[in-house]
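Q: Could you take me on a close look at one part of this model? I would like to follow a single residue first and then see what surrounds it elsewhere in the fold.

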Amino acid sequence: MGALHQGHLTLVRQARARADIVVVSIFVNPRQFGPNEDFGAYPRQLAADAALLEAEGVDVLWAPTPEAMYPAGFATTVSVAGLDAPLCGANRPGHFDGVATVVCKLFNQVRPDVALFGEKDWQQLAIIRAMARDLDLTAPHVDAIIGVPTVREADGLAMSSRNRYLTAQERTAALALPTGIEAAIATLREGGPAQPALDTLRAGLLAAGFSRVDYADLRDAETLEALDALGSRPARVLVAAQMGKARLIDNWPAN
Ligand SMILES: Nc1ncnc2c1ncn2[C@@H]1O[C@H](COP(=O)(O)OP(=O)(O)OP(=O)(O)O)[C@@H](O)[C@H]1O
Ligand SMILES: CC(C)(CO)[C@@H](O)C(=O)[O-]
Ligand code: BAL
């Protein structure tokens, strides 16, 4: 969605290493924002982004207008049932329908052999993988949807275009998000039920100045089912919480 940072540029560099031709899309997609969300305020800096992408050797910048993407009469929605229900799906109704619909369109417009997405948006990545498989958007038996590990600031906060909404004080306080997740995982690894560790995480975020914690969950990394404790299957701690004007998300492998 633009307002590029090193997280985005890491995706670009990994694409550059894998592909002969790299296409980057920049589109602030109205259909994935709720009525009271930040569609209007979302940072837009297309000329500066284009210069950064040119310096990275990107071949094509695809930056359609909303009217080109959704002409009058546009009537189709792509919905990935199940994976879209918990976590951000529960707090942002319709969000993942908006994401799946636009990513389906982007895939059909660009026809990529591989596509890279950040692990910061873990649920989004799971939904895009499922959609690509279900709708035959990528070649069968090819791992075409590539997840890129979250790129962080030096102190550990996940890079995000929304970090620029934070005041200096909020930016410092936001560090409770990665440190709280890390501490919760250390506790989870001692064994025992997950809920006390997640309750401590939630309380720590509120104490640090987050005004709302949408979720702080331990979930199966693939199915996103809620877990009562760490088991043998890969699991992640996932959090979404509001700091000032920024709804921040983060997640971390728990085992
Ligand atoms: N810190 C990061 N590390 C790795 N990938 C990232 C990071 N931040 C974003 N991405 C990925 O970049 C792609 C574009 O994301 P998007 O434009 O929504 O950026 P964003 O910084 O996550 O924005 P916002 O936080 O405002 O939603 C997505 O695949 C997203 O997962
Ligand atoms: C996947 C995506 C491009 C859909 O608009 C967006 O949600 C993003 O940038 O993460
Ligand atoms: N990076 C996810 C897109 C969104 O929050 O709308």
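A: Happy to. Let's begin with Y215, whose place is in strand 5, the run of residues 212–220. Please keep in mind that the model is predicted. Is Y215 buried, exposed or partly exposed? Y215 has 18 C-beta neighbours inside 10 Å, and because a residue needs 20 or more to be buried and 12 or fewer to be exposed, Y215 counts as partly exposed.

Now for the company Y215 keeps. If we set aside the neighbours within four places in sequence, the contacts of Y215 are L87, L238, V239 and A240. A240 deserves a second glance: 25 residues separate A240 from Y215 in sequence, yet their C-alpha atoms are 5.5 Å apart in space.

From strand 5 we can step back along the chain to a pair of helices. Helix 8 covers residues 176–188 and helix 9 covers residues 195–208; their axes come within 9 Å and cross at roughly 160°. The two helices are therefore roughly antiparallel to each other, and helix 8 passes helix 9 in a right-handed crossing. On the helix 8 side, the contact is made by A176, L177, G180, I181, A184, T187 and L188, while helix 9 brings A197, L198, T200, L201, G204, L205 and A208. Sorted by class, this contact of helix 8 with helix 9 holds ten nonpolar residues, four polar ones and no charged residues.

The ligands round off the tour. Around ligand 1 there are 17 residues, and M1, G7, G118, M159 and S160 come nearest. Helix 1 (6–18) and strand 3 (115–118) each supply at least two residues of this shell, with helix 1 giving the largest share, four residues. By class, the shell around ligand 1 has seven nonpolar, seven polar and three charged residues.

Which residues lie around ligand 2? They are M1, N29, Q32, V99, V102, V103, D121 and Q124. Here the largest share, three residues, comes from helix 5, which runs over residues 95–110. The shell around ligand 2 divides into four nonpolar residues, three polar and one charged. You will find M1 in both places: M1 is among the residues that come nearest to ligand 1, and M1 is also one of the residues around ligand 2.

Definitions and conventions:
Residues numbered from 1 in each chain as written. Chains lettered and ligands numbered in written order. Predicted model: local features only at pLDDT ≥ 70, side-chain atom pairs only at ≥ 80, totals over all residues. Near = placed C-beta within 6 Å. Nonpolar A, V, L, I, M, F, W, Y, C, P; charged D, E, K, R; others polar. Axes fitted to C-alpha atoms, helices over the stretch in contact; angles between N-to-C directions. Parallel < 35°, antiparallel > 145°, perpendicular 65-115°, else oblique. Left-handed = near helix turned anticlockwise from the far one by under 90°. Contact = placed C-beta atoms within 7 Å.
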